[in-house]
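Reader: I work on models like this one every day, and I'd love a close look at one part of it. Please pick a spot where several pieces meet, and show me how they fit together.

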Amino acid sequence: MEGKAEDVRLGANKFSERQPIGTAAQGTDDKDYKEPPPAPLFEPGELKSWSFYRAGIAEFVATFLFLYISILTVMGVSKSNSKCATVGIQGIAWSFGGMIFALVYCTAGISGGHINPAVTFGLFLARKLSLTRAVFYIIMQCLGAICGAGVVKGFQQGLYMGNGGGANVVAPGYTKGDGLGAEIVGTFILVYTVFSATDAKRNARDSHVPILAPLPIGFAVFLVHLATIPITGTGINPARSLGAAVIYNQHHAWADHWIFWVGPFIGAALAAIYHQVIIRAIPFKSRS
C-alpha cells in the first residue's frame, strides 16, 4: 500500500515533463506563474524509473496507431478510380490531424504526447526534457511508425506497393528545395503551435488552455497537410516518413528521404528559438 500511495502521489511519473503537453499540465492548483526550471542534459535517474519506460511505450503505441490509421486512409484514397468516391485529400488531412488530436489527448499525461521526433527535438532544445528522454522517445517513435506501416502492408501488400506505400517524396514539378522549404515551414507551424498550446505561463493565466491543447495541435497538422500534400505528401514528422520508407523500401522514396529529417528538424529548431526568445523573451543565460 505504501508503494501504491507513492505511485498515486507522484502520478506514476517521477521524472515528468518540465512543461507537459495537454491534460498533463493540469496537475497543479497553484495558478501563480513560475518559470519551470530547465531539464538537465542528462538525468541518469530516469533509467531506473518505470515511468520513463512507460512513457516510451506510450510513444511507441501512439505512433503505431498514427501510422496505421493515416497510411490506411491514404491507401483507401489511392485505390479508388474516382477521388469523389473516397474521402479525398481533405479526408487524408483530417485523418492525420484527427489522429494527432486524439493521441495527444490520450498520451499527454503519460509521455507528453509528442508522437513526432521533430516535436521532441524542439522541446529538447527548449530544455523541456533531458537528452536521455529525447533519444529514447525518438527511437520508440520510429519503431512504432515502422510497425504501423508494416501492419498496413500486411493487410493489402499489392495495393500498398502499387500505390507508393504512403512514402513521402517530392512531387513532380517541384524541386528538392521546394520540398525542403515546405517541410521547414510546415514543421515550424506545428511546433510553434505545440509551444503556444502548452505554455506554462498561459496555463497559469487561463485554466482552460491545457484542456484545449490537443485541439490546436491536431488542427495545425490538418491545415499543414492541406497545404503541402501536393508538394511532399506532407512529412513534418520524421518517424512517419521513416516508417513508410522502410516498409515501402523503393529507391525513389529513399532518394528524397533526407528532406523529411532535415526539414522538420530545422523547422522545429526555428520554432523553439522563436518561442523562447521572441514570444517568451527568455534570455539564453537563464536557460543554463
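Author: Happily! The expected span of a helix is 1.5 Å times one less than its number of residues, and helices here are DSSP runs of H or I with at least four residues, numbered from the N terminus, while strands are E runs of at least two. This is a predicted model, in which local features need pLDDT of at least 70, side-chain atom pairs count only at pLDDT 80 or more, and totals for chains, interfaces and linings use all residues. Residues are numbered from 1 along each chain as its sequence is written, and side-chain values use heavy atoms, with hydrogens and water left out.

The protein chain has 13 helices and 0 strands. Of its 288 residues, 51% are buried (under 20% relative accessible area; exposed is over 50% and partly exposed lies in between, with a 1.4 Å probe and protein chains only). Among contacts (heavy atoms within 4.5 Å) with a separation of 6 or more, 81% join residues 24 or more positions apart.

The part I'd pick is the surroundings of helix α7, and a good way in is along helix α3. Helix α3 covers residues 88–111, and its 24 residues reach 32 Å from first C-alpha to last, close to the 34 Å expected. There is a bend of about 35° in α3 at tyrosine 105, taken as the angle between axes fitted to the seven residues ending there and the seven starting there. After α3 comes glycine 112, with a positive phi near 100°.

A little further on is isoleucine 115, in the loop between α3 and α4 (117–125). Isoleucine 115 also has a positive phi, about 60°, although it is not a glycine. This residue is buried, with a relative accessible area of 0%.

Isoleucine 115 takes us into the largest nonpolar core, as one of the residues with the most contacts inside it; the others are Phe66, Met75, Ile100, Tyr160, Leu190 and Ile217. Such a core is a set of buried Ala, Val, Leu, Ile, Met, Phe, Trp, Tyr and Cys residues joined through side-chain atoms within 4.5 Å. This one has 51 residues. The most come from helix α2 (residues 50–78), which gives 8. Separate from it is a second core of 5 residues, including Val170, Leu180, Ile184 and Ile259.

Now to α7 itself. Leucine 190 sits in this helix and is buried at 4% relative accessible area. Beyond its neighbours within four places in sequence, leucine 190 is in contact with Asn116, Val119, Ile217, Val221 and Ile236. Take valine 119: it is 71 residues from leucine 190 in sequence, yet their C-alpha atoms are 8.1 Å apart in space.

Threonine 187 belongs to α7 too, which spans residues 176–197. Threonine 187 counts as buried because its relative accessible area is 0%. Its side chain reaches the backbone oxygen of glutamate 183 at 2.7 Å. With neighbours within four places set aside, threonine 187 contacts Ala118, Ile236, Gly263, Pro264, Gly267 and Ala268.

Isoleucine 236 therefore appears in the contacts of both threonine 187 and leucine 190. This isoleucine is in the loop between α10 (214–232) and α11, and is buried at 2% relative accessible area. Its phi is near 50°, a positive value in a residue other than glycine.

Following the chain on from that loop, we reach asparagine 237, whose side-chain oxygen comes to within 3.1 Å of the backbone nitrogen of alanine 239 at the start of α11. Helix α11 (residues 238–248) is mostly covered, with 10 of its 11 residues buried. Among them are Pro238, Arg240, Leu242, Ile247 and Tyr248. Asparagine 249 follows α11, with a positive phi near 55°.

Let's finish in helix α13 (residues 259–279), where alanine 269 is found. Alanine 269 counts as buried, at 18% relative accessibility. Outside its neighbours within four places in sequence, alanine 269 is in contact with Phe121 and Leu125. Alanine 126 is 143 residues away from alanine 269 in sequence, while their C-alpha atoms are 8.9 Å apart.

Methods:
A polar contact is a pair of N or O atoms within 3.5 Å; within protein, one must be able to donate a hydrogen and the other to accept it, and residues adjacent in sequence count only if both atoms are side-chain atoms.
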